[in-house]
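Q: I am new to this structure. Please take a close look at one part of it, the chain that holds the ligands, and walk me through what sits where.

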Amino acid sequence: MSTLIRHGTVADDDWQWIEGDVTQLVERMEAGERLVLPLAVWLAHRLRRDPPRVGVWLGPDDPLEALLPWLADIPLVAIRFPLFTDGRGYSLARLLRCRYGYTGELRAVSDVLVDQLAVMAQCGFDSFGLRADQPPAEALAALVGGLRSPWPVIAMP
Amino acid sequence: MYRYKQADQRLVEDRVAQFRDQMTRFLDGRLGEHEFRPLRLQNGLYVQRHAPMLRVAIPYGTLAAYQLRKLADIARRFDRGYGHFTTRSNIQFNWVRLEEAPDILAELATVQMHAIQTSGNCIRNITTDPFAAVAADELFDPRPYCEIVRQWSTLAPEFLFLPRKFKIAFAGGAEDRAAVRFHDIGAFARVADDGRIGFEIFVGGGLGRTPMVGRTIRDFLPREELLNYFEAILRVYNRHGRRDNKYKARIKILVKDLTLEGFSREVEEEWAWTRGGPGCISDATFREMEAFFARHDYAPAAADDPGYLAALAGSRAFARWVERNVSAHRELGYAVVTLSLKKTGVPPGDATAEQMDGVAELAERFSAGEIRVSHEQNLVLPHVARRDLPALWEGARALGMATPNIGLLTDLVCCPGGDFCSLANARSIPVAAAIQQRFDDLDYLFDLGPLELNMSGCVNACGHHHIGHIGILGVDKNNEEWYQVTLGGREGSQAVLGRVIGPSFAAGEIPDVIADLLEVYVDERHEGEIFIDTVERLGLDAFKARVYGGAV
Ligand code: HEM
Ligand code: SF4
């Protein structure tokens, strides 16, 4: 089971993850489930959705720009790291937070490791779906209270 | 020189503590090899053929005497008493122990040094002209800009996992002594007609297996936009650079795939968001940085000091050293001195702890405590009064660092090759030694004049073989070491890549091949024409015919 850390504490994940275009999506949305949809599905269903209950997840090369008109209503954007060494998600996070002013929950998911959490937080992530083998206590320490993580001398706005 | 502020010091100390924790978790099995690898690389730690290697950053090649002493101390306590200065103004310690790396980093932090981002797929150590601020032809000192970019790029969170390594170089103009067109980004000083300060920006240069000369992406970038613009380039690269094949992951491939125009359009679109915004560098920041590097304290010194003139007239050896190892300084009565790390038989770029301590002392006595590392793998004392040259020469001779060969054939550039590097196809150090031994007659070397020979042990090109007038590349043929020779490479403002002259050679043949090439030059040169100019005028055929006996 993957641990979720949100705003500096271990939290329950109250979102249902949707990988592809599945059946009964509309029914599930209408039944009030909180779903996180892949970008393409999210775009296809955006007219039917109830904004506060539907999140979206992006792969590293998804065109973030497609989301911009609706950004203010989206409660959760998750960015998938297929490999922890794939740094594209960092740019997506910076763009969402700094350029497009996204203020909802921004979650890193998939190959999310303890040693990258502080840097992810610096890029604007505020929740983390850890890879299953990552110890929650160490993850918390990396974010709050443990070793201070080094901070760049000149940080871009 | 720059002195760390609290934020810099805190960064390096926090980093040491963080890496110590990571190392402990690695050693007791809580952190896997695969997860640890990029972390150690971003702290300069490689695992090499015999032992781990630690690469320490010397930002833009500027060192203070107390820092060099610390490097000597580290060489003694943690290595086998020496270090290797590289073409990228880093120093490598070849025999460290993995578990001691955090202690070494802690030692470095006490003298405002670190090994952060000297490896890995991130923005690497910034390099520049070793003659910055003292060269007479310079437009302005590039180091304040290097320092600003260093501060921004060190742990810039967005750019720690790029598709591949990323190298930035600055040059202060007019001559390019930093090979800016062979970097992922090169910045070349420009002053606009209205007096504004800025840079011409080159992008997509690099050597390695696909060598390319960087191309101009902006003729003039005003200095206050440096970070905004670099961020735009890096972001386009981070998002769109190839990650499926590490041999095609450098920015040069992206630029080629998108075309320069296409790439430039993407960068302009990115930059449009930040241009003129809060990421602009303020005048106050420039003033503060310039103050760190400015030197107004040159005591008046005579260019025609009688003691110096007497030594010139009295000693041929001294005069020769002055001719090759002493360069013009912008201040009257001062000189720039290059201490040669190219003594015959010593691996190019290697210095012992005793030599490092000795150089630190010479720097304190004669060069305001400052040392530079050149990308030709020598050490430079940038502020020497001419009257001190005889005493400095004696001191350098005592250290074995006064070989009068700067810019000559035996001042060759060479990577560690198969003796240390696990990627190597062939050894390079013994071949360098054979060349130095064969051509150690000073009269002959002086007669040959300026000549750059560069050697790499594999296609990664750490020894810059593509831009040597003569380049030597180690290749593997059926598990044997062979060497391919290129001719006609050149760095600087007329940068070109050398071309292969023909089939490769066994190690033992290389000195003869070099001798053949030199013979053609000596036979064919015009009065005053240097080697590379003769090569360009004649083309390769005459050289090939001599080397291969007309068989090619
Ligand atoms: C001993 C361990 C070393 C290893 C494993 C190593 C590895 C590499 C690799 C893999 C590349 C090719 C990068 C690419 O094409 O994308 C490269 C390039 C380079 N390295 Fe090294 N290197 C080592 C030592 C050195 C040393 C000692 C120097 C300086 C003398 C150096 C300077 C450079 C330079 C200048 C390049 C070419 C830059 C470019 O690709 O444009 N490296 N190195
Ligand atoms: S050129 Fe090849 S052999 Fe030489 S240091 Fe670089 S990777 Fe190693």
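A: What follows goes from the ligand sites to the chain contact and then to a few local details. The model is a predicted one.

Start with ligand 1. Its shell counts 24 residues, and the closest are B:Thr87, B:Lys165, B:Leu207, B:Arg250 and B:Cys462. By class, this shell holds eight nonpolar, ten polar and six charged residues.

Ligand 1 carries an iron atom, and the protein gives that iron a single donor. The donor is the SG atom of B:Cys462, at 2.2 Å. B:Cys462 sits in a loop of chain B, between strand E17 (453–456) and strand E18 (470–477).

Three more of the closest residues bring polar atoms to ligand 1. B:Arg250 places a polar side-chain atom 2.8 Å from an oxygen atom of the ligand. B:Leu207 uses its backbone instead: a polar atom there is 2.7 Å from an oxygen atom of ligand 1. B:Lys165 has an N or O atom in its side chain 3.4 Å from a nitrogen atom of ligand 1.

Now ligand 2. B:Cys462 appears here too, as one of the residues that surround ligand 2. Three other cysteines are in this shell: B:Cys415, B:Cys421 and B:Cys458. Around them come B:Pro416, B:Gly417, B:Leu423, B:Ala424, B:Ser456, B:Gly457, B:Asn460 and B:Ala461. The class count is eight nonpolar, four polar and no charged residues. Compare that with the shell of ligand 1, where six residues are charged.

Next, the contact with the neighbouring chain. Chain B brings 38 residues to it, and chain A brings 34. Together the two chains bury about 3,200 Å², with 59% of that area on carbon and sulfur atoms. Three residues stand out: B:Pro157, B:Phe161 and B:Arg239 supply 22% of the area that chain B buries against chain A, more than any other three residues.

Charge pairs also cross this contact. Side chains of opposite charge can pair when their charged atoms come close. Between chain B and chain A there are ten salt bridges. One of them joins B:Glu270 to A:Arg99, with the closest N and O atoms 2.5 Å apart. Polar contacts across the interface come to 13 residue pairs.

Which helices of chain B supply at least two residues each to the side that touches chain A? They are H1 (6–27), H2 (33–41), H5 (143–153), H6 (226–240) and H7 (251–274). H1 of chain B gives the most, with eleven residues. By class, the side of chain B that touches chain A has 16 nonpolar, eight polar and 14 charged residues.

Salt bridges reach beyond the interface. The count over all chains is 65. Within chain B, B:Arg76 pairs with B:Asp357, and their closest N and O atoms are 2.8 Å apart. This pair links distant parts of the chain: B:Arg76 is in helix H3 (residues 65–78), B:Asp357 is in helix H11 (residues 353–366), and 281 residues separate them.

Two backbone details finish the tour. Most residues other than glycine have a negative phi, and most peptide bonds are trans. B:Gly173 and B:Ala174 are joined by a cis peptide bond, with omega about 0°. B:Ala174 lies in the loop between strand E7 (168–171) and strand E8 (185–191) of chain B. B:Tyr60 has a positive phi, near 40°. B:Tyr60 is in the loop between strand E2 (52–57) and strand E3 (62–64) of chain B.

Terms used. Residues numbered from 1 in each chain as written. Chains lettered and ligands numbered in written order. Predicted model: local features only at pLDDT ≥ 70, side-chain atom pairs only at ≥ 80, totals over all residues. Heavy atoms only, no water. Near = heavy atom within 4 Å. Nonpolar A, V, L, I, M, F, W, Y, C, P; charged D, E, K, R; others polar. Contact = heavy atoms within 4.5 Å. Buried area = accessible area lost by both parts, 1.4 Å probe. Salt bridge = Lys/Arg side-chain N within 4 Å of Asp/Glu carboxyl O. Polar contact = N/O pair within 3.5 Å; in protein donor to acceptor, adjacent residues only side chain to side chain. Helix = DSSP H or I, 4+ residues; strand = E, 2+ residues; numbered from the N terminus. Donors = N, O, S within 2.8 Å, 3.2 Å for Na, K, Ca; no water.
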